[in-house]
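Let us go through this fold together, in questions and answers. Please bring up the sequence and the structure first.

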Amino acid sequence: MLDESKNRLLTQVGPGTPMGGLLRRYWMPIAAVSEFDGKSIKPVRLLGENLTLYKDLSGTYGLVDRHCPHRRADLAYGFVEQCGIRCNYHGWLFDQDGRCTEQPYEDVAQPQANFKDKIRITSYPVQTKAGLIWAYLGPEPAPLVPDWEPFSWKNGFVEIVFAEVPCNWFQCQENSIDPLHFEWMHMNWSVRLKDQVGPYSPRHLRIEFEEFDYGFVYRRLREGMSESDPMWTTGRVCLWPNTLFTGDHFEWRVPIDDENTLSVTWAFTRVPKEREPYVQGTIPAWHGPVRDAEKAGWISSHIMNQDFVAWVGQGVVADRTKEHLGSSDRGIILQRQRFLSDLEAIARGEDPKAIIRDPKVNRSVALPVAERKLLVDGLTQAELLAHPILGHHYAGDYVFQAGRPAEVAAAFKEAMGI
Ligand code: FES
Ligand SMILES: [Fe+2]
């Protein structure tokens with residue numbers, strides 16, 4: 001349980017809030033590179049700020065205020081030029097560093113005034129990595145965009161999947177350190193959703209949590225499982241500060257504002273050995289729905305949609321003054337304590353956890369990966385089909401989220417040789 005002030009402290013992300021300040025010290029994935037194949041501007045709301053993400057005609061990305069500093073027109077309806085984005089109302093032009101580089105009428109009428117030199121638009125650094133576009137809203141100097149090891153794995157089909165989930169990010173991230181829900185929310189509930197009453201999944205007997213440089217590891221031992229099982233020896237990763245990493249996919253919980261979260265998944269599926277060498281061209285990206293259009297409720301058919309049901313069910317901002325934590329929630333408590341102590345570290349002028357600034361460190365940064373050997377070395381089609389976890393990812397439809405477009409499914413099948 002948390003008192004109301006701590007709950008507010010951990011959940012509020014807007015400018016000037018302590019947790020908003022903490023999260024601004026990390027790069028956030030906000031879009032996919034391939035989204036800009038067919039457009040040049042995307043409105044983005046991030047950490048309570050309304051922004052415009054664009055790619056100009058020279059290929060440079062910029063992230064600026066949503067509103068033009070002249071008379072506040074919406075730059076999401078502007079247009080890009082060779083360098084920068086132009087407001088469609090009176091043509092003021094801004095570059096990626098926030099400079100105003102043209103004011104078409106002022107430049108003619110009063111060139112000596114150099115009015116444009118007095119104008120700045122809020123702008124933030126943007127980088128691309130792993131097919132994602134990352135934004136940094138924090139103080140300079142910015143750290144490095146983490147180069148997590150799977151980003152350079154070979155022979156994989158990667159897809160990027162978004163969903164907008166209408167609740168606070170922190171309850172989404174608490175799901176990243178909640179091993180027990182796997183048994184009930186994903187296994188047993190799925191049995192009941194099929195109108196069956198059993199058999200239920202093997203029960204959790206033990207769970208363990210350990211902190212490491214880039215987050216926490218959780219490990220689980222379930223009925224019938226040997227202690228040499230990689231779920232017990234390696235486990236899964238609650239990656240700092242807002243991510244779940246399961247070995248072959250990342251799920252970022254990116255705060256849109258206090259009441260909405262952008263779920264961003266980067267999913268790697270290793271092609272079977274028969275399909276090597278496989279080099280992916282474009283990494284496709286798609287948005288999945290969260291509401292069920294027919295049943296007037298939430299979609300529950302896919303793994304992450306089930307998670308979304310839990311998150312939104314906790315309320316727009318979960319009221320942690322009313323919760324009752326048990327021994328299964330030790331990870332939840334550890335995570336909260338770490339965030340609270342990181343807020344103190346920031347107040348002392350230090351970096352919070354898992355900030356990477358050294359380029360020598362930021363080379364294919366290794367993380368705990370239960371199935372690393374299989375994901376890196378690969379399996380044959382027959383071996384993949386027989387694998388209890390990877391088999392589902394390889395053979396079936398996309399298991400994590402509903403709504404994969406037909407063209408992405410076709411590209412996936414082509415890559416896998418299905
Ligand atoms: S409002 Fe943007 S140029 Fe006038
Ligand atoms: Fe889950």
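**Strands, core and domains**

Q: Over how many bridges do strand E6 (residues 85-86) and strand E7 (residues 93-94) pair?
A: Strands are DSSP runs of at least two residues (E), helices are runs of at least four (H or I), and both are numbered from the N terminus. Two strands pair if DSSP finds at least two bridges between them. Arg-86 has its bridge partner in E7, namely Leu-93. E6 and E7 pair in the antiparallel sense, and the number of bridges is 2.

Q: What kind of model is this?
A: Residues are numbered from 1 along each chain as its sequence is written, while chains are lettered from A and ligands numbered from 1 in the order in which they are written. Local features need pLDDT of at least 70, side-chain atom pairs count only at pLDDT 80 or more, and totals for chains, interfaces and linings use all residues, since this is a model of one kind: predicted.

Q: Which strands stand at the edges of the open sheet of 4 strands?
A: Reading across this sheet gives E5-E6-E7-E8, with antiparallel pairing. An edge strand has a single partner strand, so one side of it is left without a neighbour in the sheet. That description fits strand E5 (79-80) and strand E8 (100-102).

Q: Which strand gives the most to the largest nonpolar core?
A: A nonpolar core is a set of buried Ala, Val, Leu, Ile, Met, Phe, Trp, Tyr and Cys residues joined through C-beta atoms within 7 Å. The largest one has 86 residues, and Met-28, Leu-46 and Trp-134 are among those with the most contacts inside it. It draws at least three residues from each of domain 1 (29-129) and domain 2 (143-416). With 7 residues, the leading contributor is strand E12 (residues 156-165).

Q: Are the two faces of strand E11 (residues 132-135) covered or uncovered, and which residues are on them?
A: Buried means 20 or more other C-beta atoms within 10 Å of a residue's own, exposed means 12 or fewer, and partly exposed lies in between, with C-beta atoms placed from the backbone. By that count both faces are covered, with Leu-132 and Trp-134 on one side, and on the other Ile-133 and Ala-135.

Q: Which residue in the turn between E10 and E11 has a positive phi?
A: E10 and E11 are antiparallel partners over 4 bridges, and Val-126 stands opposite Ala-135. E11 also pairs antiparallel with E1 over 4 bridges, where Ala-32 has Leu-132 as its bridge partner. The E10-E11 hairpin has 2 residues between its strands, and the turn residue with a phi of about 60° is Ala-130.

Q: Which element gives the most to the side of domain 1 that touches domain 2?
A: The bounds, domain 1 (29-129) and domain 2 (143-416), come from an automatic or database domain assignment, and the C-alpha centres lie 34 Å apart. The contact (C-beta atoms, placed from the backbone, within 7 Å) takes 13 residues from domain 1 and 15 from domain 2. Strand E1 (28-32), strand E2 (41-46) and strand E10 (126-129) each give two or more residues to the domain 1 side. Giving the most, with 3 residues, is E1.

Q: Is Ile-283 buried or partly exposed?
A: Ile-283 sits in the loop between strand E18 (260-270) and strand E19 (285-287). Leaving aside neighbours within four places in sequence, its contacts include Ala-32, Gly-131 and Val-158. It has 16 C-beta neighbours inside 10 Å, so it counts as partly exposed.

Q: What does helix H5 (residues 181-193) span between its end C-alpha atoms?
A: The expected span of a helix is 1.5 Å times one less than its number of residues. For a straight helix of 13 residues that gives 18 Å. H5 is followed by Asp-195, whose phi is positive, near 65°. The span of H5 is only 16 Å.

Q: Which residue with a positive phi follows H7?
A: In helix H7 (residues 303-313), the buried residues include Met-304, Phe-308 and Trp-311. The buried residues of H7 pack against several elements, among them E12, H5 and E18. The residue after H7 with a phi near 105° is Gly-315.

Note on methods. Contact = placed C-beta atoms within 7 Å.
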